Amino acid sequence: MQRIHLDHSSSKSIHPQVIKIMMPYFSQKHGNPSTIYSQGHEAKEAIEDAREGVASLIGAKSNEIIFTSGATESNNLAIRGVSYRNRTKGDHLISSTIEHMSVINPLKYLGKKGFKTSYIPVDRYGTIDLEVVKKTIDNNTILASVIYANGEIGTIEPIREISEIVHSKNAYLHVDAVAAAGQIPIDVKKDNIDLLSLSSNDLYGPKGVGALYIKEGTRIQPIIYGGGQEKGLRSGSENIPGIVGMAKAAEISSRNMNNESRRLRALRDNLITGILDTIKESYLNGHPTMRLPNNVNIRFKYIEGESLILSLDMEGVSASSGSACTSKTLEPSHVLRAIGLPHEDAHGSLLFTLGSGNEEEDINYVLSILPRIVKKLRKISPLTPKSLLEDT
Ligand code: PMP
């Protein structure tokens, strides 16, 4: 049975052209850019070209891009690097309640080191409350870190409006654009963003590579010290195959974005409408229109997202519970809690993230099996009202 992958936010396959361009850098082109002979020059040139490729995806200049091991590192560098470097100006940091753990945990760490942190709430669609941003920011604020679009509920944030508020107090704006990049156009100059994190795999590039855009003139210090690579901000021998691969992935994403996003949006809407129309007591999580083209997050009353995933898995479909519910904590996703869902509704949520390989027949297949799966699970759930079982 051929599997249907509808969990692109967890993992994407690498684009064949990306694999092809990476290959020589594992063997014949293995130079280290820090060396002064010709292979070193070749490697240096490859990185500089790659910088250009990534920069053009977000409207940046190539000297404003540095490569990292992924968006976790980019987020850490942006948040910790800016906070420490600007501590003489202030010690207040702002973020939101729907950030990725690679933003939340560095902020928590800084909180323990004496910084003050404020988390802006979101409304029931997951949109950051601009009025609270205005009330929370003050002359002591040095950095705001917000997500461009949330990969779990799909909501796209009002970045330009947030940027205006943040800059009115001369603070820096860092944006985690991992989920948004390659799906919706991003222009760091138009949005006036100071720092922006990217992850290669989310663009169909290799895992373990990322980038941080740092606007020229931004005061930041490294979090890793060593041989001084990447302008001293990210020491360590560069991952040349990964960097070259990420740039190629960014270039392909830029080129295909309009068509691919239009295609996915249509599939997304068919899936959403198909589910909501055929399954009673199912509801869309996240914003109905300001939404990533590939995101479908639905909550089903009276059942668990995990049971749905396992049932779908047995029928050849990969999806996600849409929760950061780790086996360690069993806590439902903080994002779903932040949009106001009670525990049981957050647990009953299912996330499909569409991507390059998905076609209409995949959506039709899911729509053909899901009502039966939901019905079966509701039948064995003690929470399901009898009337609903009789109804469906
Ligand atoms: N931010 C967001 C929104 C993410 O979804 C992820 C995971 N892809 C990360 C940061 C961390 O990225 P990476 O796995 O490249 O460290």
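Domain bounds here come from an automatic or database domain assignment, and the model itself is a predicted one.

**View 1. Two domains in one predicted chain.** The assignment splits the protein chain into domain 1, made of 4-10 + 257-391, and domain 2, covering 16-253. Put a point at each C-alpha centre, and domain 1 and domain 2 sit 29 Å apart. For the contact, 27 residues come from domain 1 and 28 residues from domain 2.

**View 2. What domain 1 and domain 2 share at their interface.** Together, domain 1 and domain 2 bury about 2,100 Å², with 58% of that on carbon and sulfur atoms. If you go looking for salt bridges between domain 1 and domain 2, the count is zero. Polar contacts do turn up: the rule finds 14 residue pairs across the interface, both partners at pLDDT 80 or more.

**View 3. The side of domain 1 that touches domain 2.** Four elements give two or more residues to this side: helix H7 (240-278), strand S10 (295-300), helix H9 (334-338) and strand S12 (349-353). H9 gives the most, with four residues. Sorted by class, this side of domain 1 has ten nonpolar, 16 polar and one charged residues.

**View 4. Lys231, a non-glycine residue with a positive phi.** Most residues other than glycine have a negative phi. Lys231 isn't a glycine, yet its phi is positive, at about 55°. You'll find Lys231 in the loop between strand S8 (210-214) and H7. Because the cut-off for exposed is over 50%, Lys231 counts as exposed with its relative accessibility of 63%.

**View 5. Tyr302, in the loop between S10 and H8.** Here's another residue that is not a glycine but has a positive phi: Tyr302, at about 75°. Its loop runs between S10 and helix H8 (305-314). Tyr302 has 23% relative accessibility, so it counts as partly exposed.

**View 6. Ile309 and its contacts.** Ile309 is part of helix H8. Its relative accessibility is 17%, so Ile309 counts as buried, given that buried means under 20%. What does Ile309 contact, leaving aside neighbours within four places in sequence? The partners are Ala319, Ser320, Ser321 and Leu350. Take Ala319 from that list: Ile309 and Ala319 are ten residues apart in sequence, and their C-alpha atoms are 6.0 Å apart in space.

Note on methods
Residues numbered from 1 in each chain as written. Predicted model: local features only at pLDDT ≥ 70, side-chain atom pairs only at ≥ 80, totals over all residues. Heavy atoms only, no water. Contact = heavy atoms within 4.5 Å. Buried area = accessible area lost by both parts, 1.4 Å probe. Salt bridge = Lys/Arg side-chain N within 4 Å of Asp/Glu carboxyl O. Polar contact = N/O pair within 3.5 Å; in protein donor to acceptor, adjacent residues only side chain to side chain. Nonpolar A, V, L, I, M, F, W, Y, C, P; charged D, E, K, R; others polar. Buried < 20%, exposed > 50% of the residue type's maximum accessible area, 1.4 Å probe, protein only.
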